[in-house]
Amino acid sequence: MVNRLIGHICRLFEWLMVICLAAMVLMVFGNVLLRYGFNSGITVSEELSRWLFVWMTFLGAFVALHTRQHLGTDMLVGRLSRGGRKLCFVLARLGMLFVCVLVVLGGWQQTLINRDALSAVMQVSSAIFYASGVVFGVLGGLVVLHELVQVLGGGGSDDMLLGFAGSEEQPHAQARP
């Protein structure tokens with residue numbers, strides 16, 4: 001049930017990332033076209049593109065965390081027994097949980113500090129910018145905690161214990177000619 005909920009959130013975030021990327025491309029391209037072609041421009045394009053990029057990065061980091069698509073190395077962990085892999089997995093997830101807590105606390109502090117500060121061009125609260133860290137930290141922490149509970153409860157496949165999807169030692173299926 002938790003995996004299904006996280007899967008739905010990931011699909012929503014994937015669509016939001018597509019929208020963010022499309023908006024960024026349109027704004028930046030449109031701004032370049034207007035500046036060089038018509039000596040004009042879109043005032044908010046630079047600031048809004050930066051904000052969308054930060055949000056897209058944090059949303060993408062969450063999706064990558066859930067699907068275990070971050071870069072990783074299995075040089076050591078791949079050679080360990082299941083118990084050793086499990087120990088490394090638990091230690092790594094505890095470290096990741098700690099980092100998620102730090103991101104939430106730091107993002108929350110910045111959100112509170114900047115809630116009354118208006119952005120330079122758009123004139124909206126800068127707290128929206130910093131809230132991206134809070135969203136990632138909370139959701140990422142929940143994913144890490146869920147994986148930790150799964151493994152400590154006796155579940156978790158050998159692939160899950162590696163901590164990321166795919167490996168050079170286990171090549172993906174070959175493309176058909």
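Are Glu147 and Arg93 buried or exposed? Both Glu147 and Arg93 are buried, where buried denotes a relative accessible area under 20%, exposed one over 50%, and partly exposed a value in between (1.4 Å probe, protein chains only). The two residues will be met again below, after the general outline of the chain.

The structure is a predicted model, in which local features need pLDDT of at least 70, side-chain atom pairs count only at pLDDT 80 or more, and totals for chains, interfaces and linings use all residues. Residues are numbered from 1 along each chain as its sequence is written, and side-chain values use heavy atoms, with hydrogens and water left out.

The chain contains 5 helices and 0 strands; helices (H or I, at least four residues) and strands (E, at least two) are DSSP runs, numbered from the N terminus. Read from the N terminus, the order of elements is α-α-α-α-α. Of the 177 residues in the chain, 33% are buried. The exposed surface of the chain comes to about 11500 Å², and carbon and sulfur atoms supply 68% of it; accessible areas come from the Shrake-Rupley method with a 1.4 Å probe, and for residues only the protein chains shown count as cover. Among contacts (heavy atoms within 4.5 Å) between residues at least 6 apart in sequence, 74% join residues at least 24 apart.

The interior may be considered next. In soluble globular proteins, nonpolar side chains tend to be buried together. Here the largest nonpolar core has 19 residues, and Phe13, Phe62 and Val63 have the most contacts inside it. Such a core is a set of buried Ala, Val, Leu, Ile, Met, Phe, Trp, Tyr and Cys residues joined through side-chain atoms within 4.5 Å. Two or more residues of the largest nonpolar core come from each of H1, helix H2 (45–67) and helix H4 (127–152). When neighbours within four places in sequence are set aside, Val63 touches Cys10, Phe13, Glu14 and Met17.

Aromatic rings form part of this picture. A pair of aromatic rings is described by the distance of the centres and the angle of the planes. Rings of Phe, Tyr and Trp (its six-membered ring) pair if their centres lie within 6.5 Å; planes under 30 degrees apart count as stacked, over 60 as edge-to-face and the rest as tilted. The whole structure holds 4 aromatic pairs. One of these joins Phe13 and Phe62 edge-to-face, with 5.5 Å from centre to centre and 70° between the planes. Because Phe13 lies in helix H1 and Phe62 in helix H2, the pair ties together parts that are 49 residues apart in sequence. Phe13 is buried at a relative accessible area of 8%, and Phe62 is likewise buried, at 2%. Another edge-to-face pair is formed by Phe129 and Tyr130, with centres 5.1 Å apart and planes at 85°. Tyr130 is partly exposed, with 29% relative accessibility. Ring pairs also link Trp51, Phe129 and Tyr130 into a cluster.

The opening residues can now be placed. Glu147 and Arg93 form a salt bridge whose closest N and O atoms are 2.7 Å apart; the term requires a side-chain nitrogen of Lys or Arg within 4 Å of a carboxyl oxygen of Asp or Glu. By this rule the structure has 1 salt bridge. Since Glu147 belongs to helix H4 and Arg93 to helix H3 (residues 82–113), the pair ties together parts that are 54 residues apart in sequence.

Helices H3 and H4 also meet elsewhere. Thr111 is found in helix H3 and is buried, with a relative accessible area of 11%. Beyond its neighbours within four places in sequence, Thr111 is in contact with Ala127, Tyr130, Ala131 and Val134. Ala131, in helix H4, is 20 residues from Thr111 in sequence, with 5.9 Å between their C-alpha atoms. With the same sequence neighbours excluded, Ala131 is in contact with Trp55 and Thr111.

Val121 occupies the loop between H3 and H4 and is partly exposed, at 34% relative accessible area. Outside four places in sequence, Val121 is in contact with Thr43, Val44 and Glu47.

At the surface, Leu21, Val25, Phe29, Leu33 and Phe38 make a nonpolar patch of about 550 Å². Patches are made of residues with over 30% relative accessible area and no salt bridge; like charges are joined within 9 Å, and nonpolar side chains (Val, Leu, Ile, Met, Phe, Trp, Tyr) within 5 Å. Leu21 lies in helix H1 (residues 2–38) and is partly exposed, with a relative accessible area of 44%.
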